[in-house]
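Please open the model in your viewer and keep the sequence panel beside it. The stops below are arranged so that each selection leads on to the next.

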Amino acid sequence: MRILYIDIDSLRPDHLGCYGYHRNTSPNIDSIAERGTSFTNYYASDAPCAPCRNAMFKSRFGIHTGAVNHGGLEADNRPIGAGREFNYHRSPYQAWVDVMRFQGHHTAMISPFPSRHANWDVVEGFLEMIDTGKHAGETAGEVSDEALRWIKGRGTEKEDWLLYLNFWDPHTPYRTPESYGNPFKNDPAPEWLTDEIIAQHQESFGPMSARNVPAGNQWPDLPHEIHNREDFKRWIDGYDTAIRYVDDHVGMILNTLEEEGLLEDTMIIISADHGENQGELNIYGDHQTADHITSRIPLIMAGPQIRQGKVDEDFHYQVDLGPTLVEMAGGEPRGKWDGTSFLPAVTEGRSAGRPYLVVSQAAWSCQRSVRFDNWMLIRTYHDGLKDFPDLMLFDIENDPHETTNLVDERPEIVGQGLRLLDEWVAEQMVTADYPTDPMWNVIHEGGPYHTRGELPKHVNKLREEERHEAADRLESRHEKFQSIYNKA
């Protein structure tokens with residue numbers, strides 16, 4: 001069995017044609033979806049970049065590995081301790097890629113991710129590791145060049161292989177070459193973000209908010225603030241163009257597989273590490289929350305044994321993918337995995353989902369959220385200097401862009417969500433190797449890595465803008481953390 005796993009950083013599913021997007025961003029990815037199975041409720045257990053990929057490759061939640069942040073103690077996996085074996089082979093901690101290797105697959109990774117985040121644990125089980133060398137600054141063309149060379153070489157030499165390939169273009173700064181142009185110049189932006197909502201965002205605050213979109217943009221004509229829908233269109237054109245540029249290179253890879261006689265026998269997987277808020281919760285071009293938009297990611301699987309033209313709406317985590325591939329290859333799950341196989345869903349169309357999901361974030365804010373029925377309940381423990389209340393409840397089915405917080409209107413749903421969240425945390429801590437929740441360690445280190453120590457700067461900026469009420473509100477929310485900040 002040959003497996004090509006294409007991981008497209010910051011790719012939210014609702015900006016793909018096969019998930020219903022109105023712009024033609026993804027004709028090649030859409031063609032894969034047509035001959036395979038797409039998943040509509042597939043979520044990253046731990047966001048953002050490093051925690052979610054670490055969880056995916058380990059098939060373990062961040063609450064168990066400890067790797068939930070981008071810096072500090074909880075950016076690394078916790079040691080196993082005295083019970084650590086000579087190696088992880090066939091141990092309860094063995095990564096699923098390593099299991100695939102022992103099942104006879106030649107395993108290879110093309111990605112700058114391990115060096116960018118100093119997350120070398122994710123290479124466990126890979127026989128080859130090709131670093132594209134620009135710490136996520138590379139374009140799709142530079143990545144696909146390596147992929148095409150690999151497919152024409154190793155890909156034709158080996159019968160069974162797993163190639164993990166990593167594109168970065170939809171992650172800010174948008175790096176699509178200017179010569180590519182703007183394929184969406186005449187296409188309207190998504191309609192949900194109105195001038196009224198943008199005006200509310202302008203009155204609010206936070207990193208990567210409407211007044212402070214990510215800097216260092218390479219693509220031309222991107223705004224530095226979002227004042228109105230015209231600014232938003234220019235901004236979202238940069239994101240969508242990056243997706244279309246990656247899709248073009250996905251098409252080149254598919255053509256090469258066909259030319260080499262490999263396409264029909266290769267399983268193609270399209271996914272992402274996390275989604276990307278584009279105005280939702282007043283975050284533009286970043287992934288700072290444990291909400292529906294950052295946590296939900298695409299999953300498309302096509303190839304031998306995979307049902308064609310199907311849509312799976314069950315709840316799944318990204319940590320479930322590894323166990324699914326291992327079962328498909330004839331391997332056995334490992335005792336410490338949190339992921340469970342959903343193989344019957346892709347081969348037989350049978351339900352193999354979970355009753356609810358809990359997703360976490362601890363690098364830009366400290367949040368845990370529970371996704372159940374059509375609801376997403378977000379509990380914020382540390383707001384990461386954003387204008388968040390402690391609890392937010394959204395009807396994802398009717399309000400997927402999270403514009404209306406229903407906490408006060410639906411207290412019975414809030415209670416149900418809090419019960420599920422408490423149940424999940426208790427279950428995970430009972431099975432954890434350590435008696436401490438890594439999210440609370442992050443808070444006691446001074447807060448999430450990307451906003452740690454930044455409170456005075458943000459308060460001063462608000463006061464310089466004569467936005468004293470907002471500054472007072474931000475300061476008051478962080479009074480409870482002052483003893484922690486003083487120690488840190």
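The tour goes from the whole chain to its salt bridges, and then to its pocket and cavities.

This is a predicted model, in which local features need pLDDT of at least 70 and side-chain atom pairs count only at pLDDT 80 or more, while totals for chains, interfaces and linings use all residues. Residues are numbered from 1 along each chain as its sequence is written, and side-chain values use heavy atoms, with hydrogens and water left out.

**The whole chain**

Begin with the protein chain as a cartoon, where 17 helices and 15 strands can be found; helices (H or I, at least four residues) and strands (E, at least two) are DSSP runs numbered from the N terminus. The C-alpha trace spans about 65 × 60 × 40 Å along its principal axes. The radius of gyration, taken over C-alpha atoms, is 22 Å, which agrees with the value near 23 Å for a compact globule of 488 residues; the globule rule is 2.2 Å times the number of residues to the power 0.38.

Colouring by accessibility shows that buried residues make up 61% of the 488 residues, where buried means under 20% relative accessible area, exposed over 50% and partly exposed in between (1.4 Å probe, protein chains only). If you turn to contacts (heavy atoms within 4.5 Å), 70% of those between residues at least 6 apart in sequence join residues at least 24 apart.

**Salt bridges**

A salt bridge here is a side-chain nitrogen of Lys or Arg within 4 Å of a carboxyl oxygen of Asp or Glu, and by this rule the count comes to 35.

Select Asp-240 and Arg-23, whose side chains meet in a salt bridge with an N to O distance of 2.8 Å. This pair links distant parts of the chain, 217 residues apart, with Asp-240 in helix 9 (residues 229-259) and Arg-23 in the loop between strand 1 (2-8) and helix 1 (27-34). Asp-240 counts as buried at 0% relative accessibility, and Arg-23 counts as buried at 1%.

Move next to Asp-433 and Arg-60, which form a salt bridge at 3.9 Å, N to O. Asp-433 lies in the loop between helix 13 (411-430) and helix 14 (438-444), and Arg-60 in the loop between helix 2 (49-58) and helix 3 (62-65), so the pair ties together parts that are 373 residues apart in sequence. Asp-433 is partly exposed, with a relative accessible area of 33%, whereas Arg-60 is buried at 9%.

Then return to helix 9 and select Asp-248 with Arg-244, a salt bridge in which the closest N and O atoms are 3.4 Å apart. Both residues lie in this helix, 4 residues apart, or about one turn, and Asp-248 is partly exposed at 24% relative accessibility. Finally, select Asp-7, Asp-9, Arg-53 and Asp-273 together, since salt bridges that share partners join them into one network.

**The largest pocket**

Which residues lie closest to the centre of the largest pocket? Select His-201, Leu-281, Asn-282, Asp-387 and Glu-402, which are the closest of the 21 residues that line this pocket. A pocket, on a 1 Å grid over the protein atoms alone, is an open set of points with protein on both sides within 12 Å along at least five of seven lines, whereas a cavity is a set of points where a 1.4 Å probe fits but cannot get out; lining residues have an atom within 4 Å of a point.

The volume of the largest pocket is about 410 Å³, a volume being the space filled by probe spheres set on the grid points, which are joined across faces, edges and corners. Helix 8 (195-203) and strand 15 (391-395) each supply at least two residues of its lining, and helix 8 gives the most, with 3 residues.

**The cavities**

A search of the whole structure finds 3 cavities of 30 Å³ or more.

For the largest cavity, with a volume of about 60 Å³, select the lining residues, among them Tyr-5, Asp-7, Arg-53, Asp-273 and Gln-318. Helix 2 gives the most to this lining, with 3 residues.

Last, the second largest cavity has a volume of about 50 Å³, and its lining includes Asp-46, Gly-62, Ser-360, Arg-368 and Met-439. Strand 3 (46-47), helix 3 and strand 12 (357-361) each supply at least two of the lining residues.
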